[in-house]
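User: I'd like to learn how to read a protein model, one feature at a time. Can we go through one together?
Analyst: Sure, here is the model we'll use.
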Amino acid sequence: MSKGPEPGAAGAIEDLERLLANLEAIDPDALREEEFAETQLMLDQLVGKTIKRATIEPKRIVVETTDGNRYFFYGFIGESDGPGP
């Protein structure tokens, strides 16, 4: 039988509130730009390699090369309202 919150629960709630406050400050366009840069870096690494297989999973695209490397592409689908990179 529980008589109240678990010990330390107040600290966990405060931590969660702090994290949620930080989420409000995230700029979606900045995230898209960062994702674009990460994707471009991975694509540059694929130059000269042969793709063996590409699969689409629920939250990522997986590209496997014949040398056994796998590249994972996560991303924001959609467009920003502002100019792109």
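User: Let me start with one residue: is E57 buried, exposed or partly exposed?
Analyst: This is a predicted model, so keep in mind that every value here is computed from it. For exposure, you look at the relative accessible area: under 20% is buried, over 50% is exposed, and anything in between is partly exposed. E57 has 29%, so it's partly exposed.
User: And what does the side chain of E57 meet?
Analyst: Here's the general idea: side chains of opposite charge can pair when their charged atoms come close. In this chain, E57 and R60 meet through their side chains in a salt bridge, 2.5 Å from N to O. R60 is partly exposed as well, at 25% relative accessibility. There's a second link to spot: R60, in β2, is also the bridge partner of E57.
User: How many salt bridges are there in total?
Analyst: The count comes to six. One of them sits in helix α1, which covers residues 9-23: R18 and D15 are three residues apart there, about one turn of the helix. Their salt bridge has an N to O distance of 2.3 Å. R18 has a relative accessible area of 51%, so it counts as exposed. D15, at 38%, is partly exposed.
User: Which residue forms a salt bridge with R53?
Analyst: That's E64, with the closest N and O atoms 3.0 Å apart. This pair links distant parts of the chain, since R53 is in strand β1 and E64 is in strand β2, eleven residues apart. R53 is partly exposed, with 42% relative accessibility. E64 has 16%, and because the cut-off for buried is under 20%, E64 counts as buried. Salt bridges with shared partners also join K52, R53 and E64 into one network.
User: Let's step back. How do I read the overall layout, and what order do the elements run in?
Analyst: Start at the N terminus and list the elements as you meet them. Here you get α-α-β-β-β, which is two helices and three strands.
User: What order do the strands take in the sheet?
Analyst: To read a sheet, ask which strand sits beside which, and in what sense they pair. This one is an open sheet of three strands in the order β1-β2-β3, with antiparallel pairing. The edge strands are β1 and β3, each of which pairs on one side only. From one strand to the next, the twist averages 15°.
User: How many bridges hold β1 and β2 together, and how many join β2 to β3?
Analyst: Strand β1 (residues 51-57) and strand β2 (residues 60-65) pair over six bridges. Between β2 and β3 there are four bridges. You can also follow a row across the sheet: T55 stands opposite V62 in β2, and V62 stands opposite F72 in β3.
User: What about the turns between the strands? How many residues does each hairpin have there?
Analyst: A hairpin joins β1 to β2 through two residues. The hairpin of β2 and β3 has four residues between the strands, and G68 takes a positive phi near 95° there.
User: Which residues of β3 are on the covered face, and which on the uncovered one?
Analyst: In a regular strand the side chains alternate between the two faces of the sheet. In β3 (residues 70-73), Y71 and F73 are on the covered face, while R70 and F72 are on the uncovered one.
User: Which residues make up the largest nonpolar core?
Analyst: It has five: M42, L46, V63, Y71 and F73. So Y71 and F73 turn up both on the covered face of β3 and in this core. To see what surrounds F73, skip its neighbours within four places in sequence: F73 then has contacts with T39, M42, L43, L46, R60, I61 and V63.
User: What share of the whole chain is buried?
Analyst: Buried residues make up 9% of the 85 residues. The accessible surface comes to about 7,200 Å², and 57% of it belongs to carbon and sulfur atoms.
User: And what share of the contacts links residues 24 or more positions apart?
Analyst: Among contacts with a separation of 6 or more, that share is 34%.

Methods. Residues are numbered from 1 along each chain as its sequence is written. This is a predicted model: local features need pLDDT of at least 70, side-chain atom pairs count only at pLDDT 80 or more; totals for chains, interfaces and linings use all residues. Side-chain values use heavy atoms; hydrogens and water are left out. Buried means under 20% relative accessible area, exposed over 50%, partly exposed in between (1.4 Å probe, protein chains only). Contact means heavy atoms within 4.5 Å. Accessible areas come from the Shrake-Rupley method with a 1.4 Å probe; for residues, only the protein chains shown count as cover. Two strands pair if DSSP finds at least two bridges between them. A nonpolar core is a set of buried Ala, Val, Leu, Ile, Met, Phe, Trp, Tyr and Cys residues joined through side-chain atoms within 4.5 Å. A salt bridge is a side-chain nitrogen of Lys or Arg within 4 Å of a carboxyl oxygen of Asp or Glu. Axes are lines fitted to C-alpha atoms, for helices over the stretch in contact, and angles run from 0 to 180 degrees between N-to-C directions.
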